[in-house]
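Dear colleague,

Please find below the structure that I am handing over to you. My account of what was found in it follows directly after.

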Amino acid sequence: MSQNPTENLRRGRRRIEEIPEMILLKDWTWDVVTKRFYLHIRVCLDHDGKDIPRVTEWFVTAETVYPFGTIAIYPSCKNSITNTFPHQSINAFEEENHLWRKGKLCVDLIDQTLGIRVPEKEPFTVDERLFWNMQRAVLWLRAAAEERLIKNGDAFELPDFPVSHIQTVFAFQEDCVSMMIWESTDERCGIARIVRRQLSSEQSIAMIRSFRSIDSQKVIYQPVWGTAIREKNYENALWIRLKEVPVINNWQVPTNLCQLKQICTNQGIDLLAILKSFAPKARDGRRHLLLVGFPIPAHIGEDSYEMTWQAIELPALSCGKYTNRVFHSGKRLSIPQTYGARKGYRPSEAGWWMNDKAKIFLDSMELSWIRSENWSARTIKGRGKLANRLANQRIVMIGLGSLGA
């Protein structure tokens, strides 16, 4: 592939010279890592804001098929924002080229958020598309500096959860009715029963069957599924109910155990103690789920409407006898074995937990978030659903043939 920018890219770049807040630092350059062209620019606002410096640097990427293809705007690894804001991908990680962070801006926002200077509909012409995106990036940055990216009445959007396990989907059922059940209980953690359905050799669905107390004796909430979902073959998971969305650095979800522990501590929850109480039910050499739940509103500024859950895949916990992870019986192991009790400890719960704390539940442990979806009737049937007044009518269609079908 040619490493020289196309004439369309050059034309599009010339147009952004009309934006007074922008200074071009480096013209179109081919990035061998992401296989895209990028511009390096500087944005200068009139004033700084909370967590937004007045002068920041950015990278804009585009494809050779411009004005088509993807246009993305990322904060630079140097001299730019490090927090994550609403309407932005998680900004905690760097791209492999170490030029920009992965916190892509969402500039496709309504005019009431960014202002009325820019048309809401994105154009796809050579002279207009890049110009449109860069104008809105400046407006996004100014709105972030003035803390008006979101306002009361806006539809609530979850923060960006970095899914690292794409083979599994966690499905739950929550709505305003189940919210009343959660509001009526004081339980903040417990055991969940999960039923898995294998879609293929590589993909599976983990469905919540019931939320129970930490001793598994009391059922807190049990969603209603079809007859194919039984609790006969289930696996244990741990659930924790928070009071609010788990975020740090403005609107960033935790990416390691230390950050999650701090969020739980701030809400009066001892995460490590809860993990310890769950550990005896998970010593089977398999990875189990940690379900993090919290209430969300339908719109910003409104009361909580329903619970939502985000699943984390925990590492396999210690079990069995101690084995050396490199050598065993004089032979080198090609695959590291599950930790047993620490050397010097008996293979019992005390020894296993000591090893969990020393080797597994470290502050640096990265959180393996799993794609989580609400499969309630309201969510699944929401798109394309007729108005209730019409849906509740008794209607007969005669002679419409395939149209009626």
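In this predicted model, T61 has A72 of β4 as its bridge partner. The two residues belong to a pairing in which strand β3, residues 55-62, and β4 run antiparallel over 4 bridges. T61 also has a partner in another strand: Y38 is bridged to T61 in β3. That second contact forms part of the pairing of β2 with β3, which is antiparallel and extends over 8 bridges.

These pairings belong to an open sheet of 4 strands, arranged in the order β1-β2-β3-β4 with antiparallel pairing. Its edges are β1 (22-31) and β4 (72-75), each of which pairs on one side only. From one strand to the next, the twist averages 25 degrees.

At the β1 end of the sheet, β1 and β2 run antiparallel and are joined by 7 bridges. Within this pairing, the bridge partner of L24 is I41 in β2. The two strands form a hairpin with 4 residues between them, and K35 in the turn has a positive phi of about 60 degrees. Strand β2 is mostly covered, with 7 of its 9 residues buried.

Helix α1, residues 7-15, lies across β1, β2 (36-44) and β3, and runs at about 165 degrees to β1. One residue of helix α1 that you may wish to inspect is R11. Is R11 buried, partly exposed or exposed? R11 counts as partly exposed because its relative accessibility is 32%, and the partly exposed class lies between 20% and 50%. Neighbours within four places in sequence aside, R11 is in contact with V126 and D127. R11 and V126 are 115 residues apart in sequence, yet their C-alpha atoms are 6.9 Å apart in space.

The loop between β3 and β4 holds several items for your attention. P67 is found in this loop, and a cis peptide bond, with omega of about 20 degrees, joins Y66 and P67. V65 is found in the loop between β3 and β4 as well. V65, F68 and F124 make a nonpolar surface patch of about 300 Å². Why can V65 be described as partly exposed? The reason is that V65 has a relative accessible area of 45%, which falls between the limits of 20% and 50%.

Two residues other than glycine with positive phi values should also be mentioned. N79, in the loop between β4 and α2 (111-114), has a phi near 60 degrees. E147, in the loop between α3 (129-145) and β5 (163-172), has a phi near 55 degrees. N79 counts as exposed because its relative accessibility is 54%, and E147 is exposed because its relative accessible area is 57%; the cut-off for exposed is over 50%.

Further along the chain, strand β11 (residues 304-313) is mostly covered, and 8 of its 10 residues are buried. Strand β10, residues 289-297, pairs with β11 in the antiparallel sense over 9 bridges. In this pairing, F294 stands opposite T308 in β11. β10 and β11 form a hairpin with 6 residues between them, and G301 in the turn has a positive phi of about 90 degrees. Strand β11 also pairs with strand β14 (residues 369-374), in the antiparallel sense and over 2 bridges. There, I312 has W369 of β14 as its bridge partner.

Finally, some values for the protein chain as a whole. The chain has 10 helices and 14 strands. Of its 405 residues, 47% are buried. The accessible surface comes to about 21,800 Å², and carbon and sulfur atoms account for 50% of that area. Among contacts between residues at least 6 apart in sequence, 62% join residues at least 24 apart. The pair R11 and V126, at 115 residues apart in sequence, is one that can be examined directly in the structure shown above.

With kind regards

Technical notes: Residues numbered from 1 in each chain as written. Predicted model: local features only at pLDDT ≥ 70, side-chain atom pairs only at ≥ 80, totals over all residues. Heavy atoms only, no water. Pairing = 2+ DSSP bridges. Axes fitted to C-alpha atoms, helices over the stretch in contact; angles between N-to-C directions. Contact = heavy atoms within 4.5 Å. Patch = residues over 30% accessible without salt bridge, like charges linked within 9 Å, V, L, I, M, F, W, Y side chains within 5 Å. Areas by Shrake-Rupley, 256 points an atom, 1.4 Å probe, with all protein chains shown as cover. Salt bridge = Lys/Arg side-chain N within 4 Å of Asp/Glu carboxyl O. Buried < 20%, exposed > 50% of the residue type's maximum accessible area, 1.4 Å probe, protein only.
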